[in-house]
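I opened a fresh page for this chain and set down what I looked up, one region at a time.

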Amino acid sequence: MRSDATDLAEAIGSGRLSAIEAMQAALASADQYREFGAIAHIDAELGLEAARSFTARSTADPDSPPMTFGGVPTLAKDLGGPFAGFPVAAGSRLIERRGGHVDSDLAGRFRAAGFCLFGLTTSPEFGLSLASEPEIGPITRNPLAPALSAGGSSGGAAAAVAAGIVSIAHATDAGGSIRVPAACCGLVGLKPSRGLMPAGPHFGNHLGGIATELAVCRSVRDTKAILAVLGGHACGPFPPVALADVPEGRMRIGVLTATGSDHPTQPERSAATEEAARRLERDGHVLVPVAFSQIEAISAISRRVFADIVCINLAETITHFDLDATRTERLTQAVIERGLALSARSLWQSLNAMVLVSRDLWRLFDGLDCLIAPMLASAPLPVGSFPSDHADTDLHFERMAAFAPLAALANASGFPAITLPFGADEHGLPLPVQMIAPMGADALLLRLAAVLEQDGRWQHRFPVAGLDA
């Protein structure tokens, strides 16, 4: 048994487990693993009501088509959405937990797929970190090694899924925030192509196009299934993405194992990338070496674009809603100050550079179908490695770059990217790899990821709540 969301949905659909029993198991697991700090807000009654409503609908119309994730408990992130009934605070004392009265388009699709929500997962304040340790708490810890970080900004989501509290969880990605936590916790994380996921009706979470939403998952098949039920027909603000067919026969796989002297990747993680590439070669694909010099410039530009956009977006948010920035963490205040100081000319230069990143990455893919590379430069870092009690934004963004050197490249370009574990290190921590493909080639990534997953080099430590170990 894979012990993933598909298994749980099948158990509920077959009657071996009721949606109410699944929700009760998830709530019990959430209480059991409180020390992981995965959940920032929980509403047990709302979760049970969702499970009861699903059961009542299924009983009233037993011949209705099954929902892909019918009755499966899940959690939304405390950033993005929104999901009606779950008041988002974005990890900040600045925003009181009130509101949560409407569903976003994405939230509506979550519910239509059969998910039953019962809480919000921990995020760093306004998603500004690759660790999920907001001052207001809780501190998210990696279930695989609680002294280490679960990553960010979707760290709470990843911790909840890795611990089996839920089998799948909503997540967002503006600079690696789906992929980095997934990599830290031994999960699958896909950042979809720009324009594929709905963000309406208010279109407030695009961050100039670098941000998107989906989920962290325990399997490639879950990732494929949730993309199918949530993606497409996004209704703006970007043109619809034309999803490409998966090429037949051999594909050209670019292999990048080094990330430069400024942000070097540890040898065992480079070796895992090489081994994953060799596995794809045995599947009949052609490997093409890629030097870091070929993407070094656009990787650096992508990180600068990310920093400028998140700084000015947060400054505009605080100004537009006349919020008291002094109530935020010191680092957040510095990010706001940096955004307020950003000139129109500098912002335009970053936005124009983002377009050129896409162009230059397209040129690289003239000779490639996919690029495989390290996801993280090192093992998950100790809790406290991304402190927010200082005002040095350059230092903070540099720490993020050192940990996940290539994360922002997919966000700036808009290209899809996926991470999954391909083995474990000597401490039992995942060795994740990342694959990036041209715009619209999400299905290609899922096909290649499934090949790597079939090797069985990674096994989840915790079973899903409600399923047998």
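The entries below go through a sheet, a strand pair, a loop residue and a group of helices.

**Entry 1: the sheet with β1, β2 and β3.** I note at the outset that I am working from a predicted model. I traced an open sheet of three strands, whose order is β1-β3-β2 and whose pairing is mixed. Its edge strands are β1 (39-42) and β2 (73-77), each of which pairs on one side only, and the twist from one strand to the next averages 40°. I then followed β1 against β3, where three bridges join the two strands in an antiparallel run, and I found Ile39 opposite Thr121 of β3. Helix α2 (residues 19-32) lies across β1, β2 and β3, and runs at about 15° to β3.

**Entry 2: strand β6.** How many residues of β6 (residues 168-173) are buried? I count six of six, so described because buried means under 20% relative accessible area. On one side of β6 point Ile168, His170 and Thr172, on the other Ala169, Ala171 and Asp173, and all of them are buried. I set beside this the general rule that side chains in a regular strand alternate between the two faces of the sheet. The partner I looked up is β8 (residues 212-217), which runs antiparallel to β6 and is joined to it by six bridges; the bridge partner of Ile168 there is Cys217. I stayed a little longer with Thr172, which has a relative accessible area of 7% and is therefore buried, and whose side chain makes a polar contact with the side chain of Lys77 at 2.7 Å.

**Entry 3: Ser132.** I located Ser132 in the loop between β3 (116-121) and β4 (141-142). Is Ser132 buried or exposed? Its relative accessibility is 0%, so I record Ser132 as buried. Its side chain has two polar partners in my notes: the backbone oxygen of Ser153 at 3.4 Å, and the backbone nitrogen of Gly155, which lies 3.0 Å from a polar atom of the Ser132 side chain. Beyond its neighbours within four places in sequence, Ser132 is in contact with residues including Thr122, Pro124, Ile139, Gly151 and Ser154.

**Entry 4: helices α9 and α10.** The axes of α9 (residues 296-320) and α10 (residues 330-341) come within 7 Å and cross at roughly 95°, and the two helices are therefore roughly perpendicular to each other. From α9 the contact draws on residues including Ala307, Cys311, Leu314 and Ile318, and from α10 on residues including Val335, Ile336, Arg338 and Leu340. I see the residues of this contact divide into ten nonpolar, three polar and two charged. I checked Ala307 of α9 separately: its relative accessibility is 4%, so it counts as buried. Leaving aside neighbours within four places in sequence, Ala307 is in contact with Arg338 and Phe397. As a distance check, I noted that Ala307 and Val72 are 235 residues apart in sequence and 36 Å apart in space, C-alpha to C-alpha.

**Entry 5: helix α12.** Which residues of α12 (residues 393-403) are buried? I list Thr393, His396, Phe397, Met400, Ala401 and Phe403, and these buried residues pack against α6 (179-185), α9 and α10. At the N-terminal end of α12, I found Asp392 acting as a cap, with a side-chain oxygen 3.3 Å from the backbone nitrogen of Asp394.

Notes. Residues are numbered from 1 along each chain as its sequence is written. This is a predicted model: local features need pLDDT of at least 70, side-chain atom pairs count only at pLDDT 80 or more; totals for chains, interfaces and linings use all residues. Side-chain values use heavy atoms; hydrogens and water are left out. Axes are lines fitted to C-alpha atoms, for helices over the stretch in contact, and angles run from 0 to 180 degrees between N-to-C directions. Helices (H or I, at least four residues) and strands (E, at least two) are DSSP runs, numbered from the N terminus. Angles under 35 degrees count as roughly parallel, over 145 as roughly antiparallel, 65 to 115 as roughly perpendicular and the rest as oblique. Contact means heavy atoms within 4.5 Å. Ala, Val, Leu, Ile, Met, Phe, Trp, Tyr, Cys and Pro count as nonpolar, Asp, Glu, Lys and Arg as charged, and the others, Gly among them, as polar. Buried means under 20% relative accessible area, exposed over 50%, partly exposed in between (1.4 Å probe, protein chains only). A polar contact is a pair of N or O atoms within 3.5 Å; within protein, one must be able to donate a hydrogen and the other to accept it, and residues adjacent in sequence count only if both atoms are side-chain atoms. Two strands pair if DSSP finds at least two bridges between them.
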